[in-house]
Amino acid sequence: MRTTAFSPEQIAALSAPLDRAKVQTRSQAGRSLAYLEGWQAIAEANRIFGFDGWERETIAVQCVAERERTVGSSNRAGWGVTYTARVRIRVGEVIREGSGAGHGIDADLGQAHESAIKEAETDAMKRALMTFGNPFGLALYDKQQREVTNTVAPPPRSPVPSSAPSQPVQSTDLAEAGLEPLDPATVQKLLATVRCLPRPALEGFTKAFRKRFQVPAEVPSIADRICQRRHHDWIETFLVSHREVRLTDQHQAAA
């Protein structure tokens, strides 16, 4: 029995092929593995379900291994830690769960635990979201990846004679690319929120933003680079992820 219904737009988005541009690859045991990054899965959930349309809850987390080991090429004394986690995703009345594992290696035991917990929770979240459809990586479980498509670039436009009036850019084109400009009030609100982040989180945010939007290292500040809808959506996704990590840390500290 159906307990909820997605909108036609959501069904279309969940049924759509996965854009290969969103897929990352890594080498593991001599094989190339395709995967989605955690922030990408969160961004897709926000896009399809809405920022307030879904919930994520870590329902179980457990340390299953902790041992001393060497770290890095210098063979420093360190630690290897492994956690398992189970995460529940709720969209309306639809509930999906996923399990995952995470591994942390660091000279500092606390840092190794932190890395392992975060990786386990992210892995479990992605496995739960994957059950909703291709945009969350379901298409990658097909070895032939028949539902993974390359982004098709629009055909080049014919040169317009200088005597002809220029054609205005349609707002729908900007919206689809996330290039529509933000109003000054929204920009200031985003900046104020970001500046309230703890220093480690702010530094991580700045580094990730520069990498995501290819801000040159010689540019002293990214503040004036936050000006488009795609920047707004990426920042909102970062802040959601940051809040979830803080809540998890607080819960573990209180336990």
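Select Asn75 to begin: this residue lies in the loop between β4 (55-71) and β5, where strands (E, at least two residues) and helices (H or I, at least four residues) are DSSP runs, numbered from the N terminus. Asn75 has a positive phi of about 55° although it is not a glycine. The model is a predicted one, in which local features need pLDDT of at least 70 and side-chain atom pairs count only at pLDDT 80 or more, while totals for chains, interfaces and linings use all residues. Residues are numbered from 1 along each chain as its sequence is written, and side-chain values use heavy atoms, with hydrogens and water left out.

**The hairpins around β5**

Extend the selection to β4 and β5. These two strands form a hairpin with four residues between them, and Gly72 in the turn has a positive phi of about 75°. The strands run antiparallel and are joined by 15 bridges; two strands count as paired if DSSP finds at least two bridges between them. One position to display is Thr70, which stands opposite Ala77 in β5.

Next, add β6 (residues 94-106). It is joined to β5 by 13 bridges, and the two strands run antiparallel. Two residues separate the strands in this hairpin, where Gly92 takes a positive phi near 65°. Two pairs may be labelled here: Ile89 stands opposite Arg96 in β6, and the bridge partner of Ala85 in β6 is Gly100.

Within β5, select Thr82. Is Thr82 buried or exposed? Its relative accessibility is 18%, so Thr82 counts as buried; buried means under 20% relative accessible area, exposed over 50%, and partly exposed in between (1.4 Å probe, protein chains only). Leaving aside neighbours within four places in sequence, Thr82 is in contact with Gln62, Cys63, Val64, Ala65, Gly102 and His103, contact meaning heavy atoms within 4.5 Å.

**The nonpolar cores**

Now hide the surface and show side chains. The largest nonpolar core has 25 residues, and those with the most contacts inside it are Phe49, Trp54, Ile89, Met125, Leu129, Phe132 and Phe136. Such a core is a set of buried Ala, Val, Leu, Ile, Met, Phe, Trp, Tyr and Cys residues joined through side-chain atoms within 4.5 Å. At least two residues of this core are supplied by each of α1 (8-15), α2 (38-49), β5 (76-91) and α3 (109-130). The largest share, eight residues, comes from α3. Apart from this core lies another, of 17 residues, among them Ala201, Phe209, Val219 and Ile235.

Centre the view on Met125. Not counting residues up to four places away in sequence, Met125 touches Gly38, Ala41, Ile42, Arg56, Val87 and Ile89.

**From α3 to α7**

Move on to Gln145, in the loop between α3 and β7 (148-149). Phi of Gln145 is near 50°, a positive value in a residue other than glycine.

Helix α5 (residues 184-195) is the next selection. It has 12 residues and reaches 16 Å from its first C-alpha to its last, close to the 16 Å expected at 1.5 Å a residue; the expected span is 1.5 Å times one less than the number of residues. Which residues of α5 are buried? They are Val187, Leu190, Leu191 and Val194. These residues cover an arc of only 100° around the axis, which puts them on the same side of α5; the arc is that of the directions from the helix axis to the C-beta atoms. Turn the helix over to find Ala185 and Lys189, which are exposed on the other side.

Proceed to Thr237, which is placed in helix α7 (residues 229-254). Thr237 counts as buried because its relative accessibility is 4%. Draw a distance from Thr237 to Ala43: the two are 194 residues apart along the chain, yet their C-alpha atoms are separated by 5.7 Å. Not counting residues up to four places away in sequence, Thr237 touches Trp39, Ile42, Ala43 and Asn46.

**The whole chain**

Finally, restore the full view. The protein has seven helices and seven strands, following the pattern α-β-β-β-α-β-β-β-α-β-α-α-α-α along the sequence. Buried residues make up 33% of the 255 residues. Among contacts between residues at least 6 apart in sequence, 60% join residues at least 24 apart.
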